Amino acid sequence: MSSVPASSAQPSRPLTRNDYKTLSLSALGGALEFYDFIIFVFFATVVGKLFFPVDMPEWLRMMQTFGIFAAGYLARPLGGIIMAHFGDLLGRKKMFTLSIFMMAVPTLIMGLLPTYAQIGLWAPLLLLLMRVIQGAAIGGEVPGAVGICVRTRAATAYRLRLRHPDQRPDRRYSARIAGRHRHQHPV
């Protein structure tokens, strides 16, 4: 809840073409990553037959396949923490790009992985490693996408709306946050 009356809130600027482009690409990237992550479940039967022994009971194969799927979900918080930390140090855009790369490369590798019949126990272990990398990537992608969208939308406008009307905003902070949109915000 804001302590600023609605009448003193500063109007936000309309979205520009660049804002729409950034928001659309972030949403599309997130949707494709989640699709890529979830599609694994739809092919669980095929994955179980290819990456586990043939003589293994079907229910155990399915349990192990879903266990590999769950490992990706368990890696999400760790990936989010690590990528958020390095996003603060190196830049969110770089970490966002890395998260997309960390999702795409393991997907390609999973498509090229040899089966259990070809390399034995290494097949499910490599599949597990790829799923953990994908889980870490998707855990880092969500905060990265949100951070980029918020910065694109000029977080300063939101920050200025929450200030008390008697306070003047700190010009240095506003300019640093607003970046190229500095001239559009009344200070």
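Is Arg61 buried or exposed? Arg61 is buried, with a relative accessible area of 9%. The legends below describe close-up views of a predicted model.

**Figure 1. The protein is built from 8 helices and 0 strands.** From the N terminus on, the elements run α-α-α-α-α-α-α-α. The protein has 187 residues, and buried residues make up 37% of them. Take the contacts between residues at least 6 apart in sequence: 71% of these join residues at least 24 apart. The protein exposes about 11,700 Å². Carbon and sulfur atoms supply 69% of that area.

**Figure 2. Helix H3 covers residues 58-90 and kinks at Arg76.** H3 has 33 residues, which at 1.5 Å a residue should span 48 Å. The end C-alpha atoms of H3 are 46 Å apart, so the model agrees with that expectation. The kink at Arg76 is about 30°. Arg76 lies shortly before the proline Pro77. Just after H3 comes Gly91, with a positive phi of about 120°.

**Figure 3. Helix H3 carries a series of buried residues.** Among them are Arg61, Met62, Thr65, Ile68, Phe69 and Ala71. The list also includes the glycines Gly72, Gly79, Gly80 and Gly87. Ala75 and Met83 are buried in H3 too. Leu78, also found in helix H3, is exposed, with a relative accessible area of 53%. The C-alpha atom of Leu78 is separated by 7.3 Å from that of Gly139. Along the chain, Leu78 and Gly139 are 61 residues apart.

**Figure 4. Glu58 and Arg61 form a salt bridge.** Side chains of opposite charge can pair when their charged atoms come close. Here the N to O distance is 3.5 Å. A search of the whole structure finds 1 salt bridge. Why are Glu58 and Arg61 separated by about one helical turn? They are 3 residues apart in helix H3. Glu58 is partly exposed, with a relative accessible area of 37%. Arg61, in contrast, is buried at 9%, because buried means under 20% relative accessible area.

**Figure 5. Arg61 touches residues outside its own stretch of sequence.** Arg61 is found in helix H3. Leaving out residues up to four places away in sequence, Arg61 touches Gly48, Lys49, Phe52, Pro53, Val54 and Met56. One of these, Gly48, is a buried residue of helix H2. Ala44 is another buried residue of H2. The C-alpha atoms of Arg61 and Ala44 are separated by 9.2 Å. Arg61 and Ala44 are 17 residues apart along the chain.

**Figure 6. Thr65 of helix H3 touches buried residues of helix H2.** Helix H2 covers residues 44-51, and Ala44, Val47, Gly48 and Phe51 are buried in it. They cover an arc of only 100° around the axis, which puts them on the same side of H2. Thr65 is buried, with a relative accessible area of 0%. Which residues does Thr65 touch, not counting residues up to four places away in sequence? Thr65 touches Phe40, Ala44, Val47, Gly48 and Phe52.

**Figure 7. Helix H4 has its buried residues on the same side.** The buried residues of H4 are Met95, Phe96, Ser99, Met103, Pro106 and Met110. They cover an arc of only 110° around the axis, which puts them on the same side of H4. The face turned away from that buried side carries exposed residues. These are Lys93, Lys94, Phe101, Leu108, Gly111 and Leu112. H4 covers residues 92-112. At 1.5 Å a residue, its 21 residues should span 30 Å. The end C-alpha atoms of H4 are 30 Å apart, which agrees.

**Figure 8. Arg131 is a buried arginine in helix H6.** Helix H6 covers residues 122-152. Arg131 has a relative accessible area of 0%. Not counting residues up to four places away in sequence, Arg131 touches Asp36, Phe37 and Phe40, among others. Its contacts also include Ile68, Phe69 and Gly72, which are buried residues of H3. Met110 is touched by Arg131 as well, and Met110 is one of the buried residues of H4.

Methods. Residues numbered from 1 in each chain as written. Predicted model: local features only at pLDDT ≥ 70, side-chain atom pairs only at ≥ 80, totals over all residues. Heavy atoms only, no water. Helix = DSSP H or I, 4+ residues; strand = E, 2+ residues; numbered from the N terminus. Expected span 1.5 Å × (residues − 1). Bend = angle between axes of the 7 residues up to and from the residue. Buried < 20%, exposed > 50% of the residue type's maximum accessible area, 1.4 Å probe, protein only. Arc of directions from axis to C-beta. Contact = heavy atoms within 4.5 Å. Areas by Shrake-Rupley, 256 points an atom, 1.4 Å probe, with all protein chains shown as cover. Salt bridge = Lys/Arg side-chain N within 4 Å of Asp/Glu carboxyl O.
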